[in-house]
Amino acid sequence: RSRERIFCFGGQGTGKSHAALIIMRRCPADTFFVIDNDNAWDRQIEGTELEDMVLEEYRGSETKGAKGSEVTTLLRDSEYENPNGNIVIYHCEGWDENVAAIKDAFSRCGRHDWIVIDNVTMLWDDVQKKFIQQIFGSEIDKYFLEVRLEKERNKGKSDKDAKTLGVLEGWMDWPVINAMWKQNVASYILNPPGHLFMMAEIDTLNKEADQEVKGLFG
């Protein structure tokens, strides 16, 4: 009655994507919608029997419409497609392509199909980049560099004389970012139409990590 919801997390090279491949091999009758924003799936299936099971493949996008109401359309790459396949791969880069892929995959996924998101960590980074681009008109690296430079310029100045950008103010910026995340990601993964397999990366443990965290990761 209930659908599978699997969350696999760990460092790079620990077998997260491989776990999804195992399920693909065990469920050849199901369709798999893979949202690949980690640029991993071409290499994962290359040279395996799954390479010939790609039904559709999307790579790149185009955005049209007036500012504030743009629509992102994913571009289909038919070079390696097989009409008898059962794997749909979205090669996504950036927030807009990921959102377009999520909406398309969730609208097409049947009750016995699978949605694979590899990985959610990239999505969380992308929503912050998108917010900074829209609000401050800057790439995220340039924005935080400017914040740091202003901090240096303001050394020794009083609060009244200092001019600051501020790093994503908690009371004003984060509620917007969280709303973008909830509307475009969380609301979908909360009630998936079929099975859901998600992956995420973890930070390296350090000496200051508490015993509970160390115990969880061995």
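Partly exposed, in these legends, describes a residue whose relative accessible area falls between the buried class, under 20%, and the exposed class, over 50%. With that in hand, welcome to a few close-ups of a predicted model.

**View 1. R59 meets two acidic partners.** At 34% relative accessibility, R59 belongs to the partly exposed class. One of its partners is E57, and the two side chains form a salt bridge at 2.8 Å, N to O. E57 has a relative accessible area of 3%, so this residue counts as buried. R59 also forms a salt bridge with D77, here at 3.1 Å from N to O. Since R59 sits in strand β3 (residues 54–64) and D77 in the loop between β4 (71–76) and β5 (87–91), this pair ties together parts that are 18 residues apart in sequence.

**View 2. A network of salt bridges runs through E56, R76, E81, D104 and R108.** Within this group, the side chains of R76 and E81 meet at 3.0 Å, N to O. R76 has a relative accessible area of 48%, so this residue is classed as partly exposed. For the wider picture, the count of salt bridges comes to 10.

**View 3. F32 and W114 stack.** A search of the whole structure turns up 6 aromatic pairs. In one of them, the rings of F32 and W114 are stacked, with 5.8 Å centre to centre and 10 degrees between the planes. The pair links distant parts of the chain: F32 belongs to strand β2 (residues 32–36) and W114 to strand β6 (residues 114–118), 82 residues apart. Are these two residues buried or exposed? Both F32 and W114 are buried.

**View 4. F106 and Y188 meet edge-to-face.** Here the ring centres lie 5.4 Å apart, and the planes make an angle of 70 degrees. Helix α3 (residues 95–108) carries F106 and helix α6 (residues 174–190) carries Y188, so the contact ties together parts that are 82 residues apart in sequence. The partners fall on either side of the 20% cut-off for burial. F106 counts as buried because its relative accessibility is 9%, while Y188, at 23%, counts as partly exposed.

**View 5. Three tryptophans gather.** If you enjoy aromatic contacts, take a look at W124, W174 and W181, which form one aromatic cluster.

**View 6. A nonpolar patch lies on the surface.** Which residues make the nonpolar surface patch? F7, F9 and I202 make it, and the patch covers about 270 Å². I202 is found in the loop between β7 (195–201) and α7 (211–217). With a relative accessible area of 31%, I202 counts as partly exposed. Patch members need over 30% relative accessible area, so I202 meets that cut-off.

**View 7. The largest pocket has a volume of about 620 Å³.** Its lining is made by 18 residues, and G68, E70, D96, K130 and Q134 are the ones nearest the centre of the pocket. Which elements each supply at least two residues of the lining? They are β4, α3, α4 (120–136) and α6. Helix α3 gives the most, with 5 residues in the lining of the largest pocket. You have already met helix α3 in View 4, as the home of F106.

How values were computed
Residues numbered from 1 in each chain as written. Predicted model: local features only at pLDDT ≥ 70, side-chain atom pairs only at ≥ 80, totals over all residues. Heavy atoms only, no water. Phe/Tyr/Trp six-rings, centres within 6.5 Å; stacked < 30°, edge-to-face > 60°. Buried < 20%, exposed > 50% of the residue type's maximum accessible area, 1.4 Å probe, protein only. Salt bridge = Lys/Arg side-chain N within 4 Å of Asp/Glu carboxyl O. Patch = residues over 30% accessible without salt bridge, like charges linked within 9 Å, V, L, I, M, F, W, Y side chains within 5 Å. Areas by Shrake-Rupley, 256 points an atom, 1.4 Å probe, with all protein chains shown as cover. 1 Å grid on protein atoms, 1.4 Å probe; cavity = no way out; pocket = protein on both sides within 12 Å on 5 of 7 lines; lining within 4 Å. Points joined across faces, edges and corners; volume = space filled by probe spheres on them.
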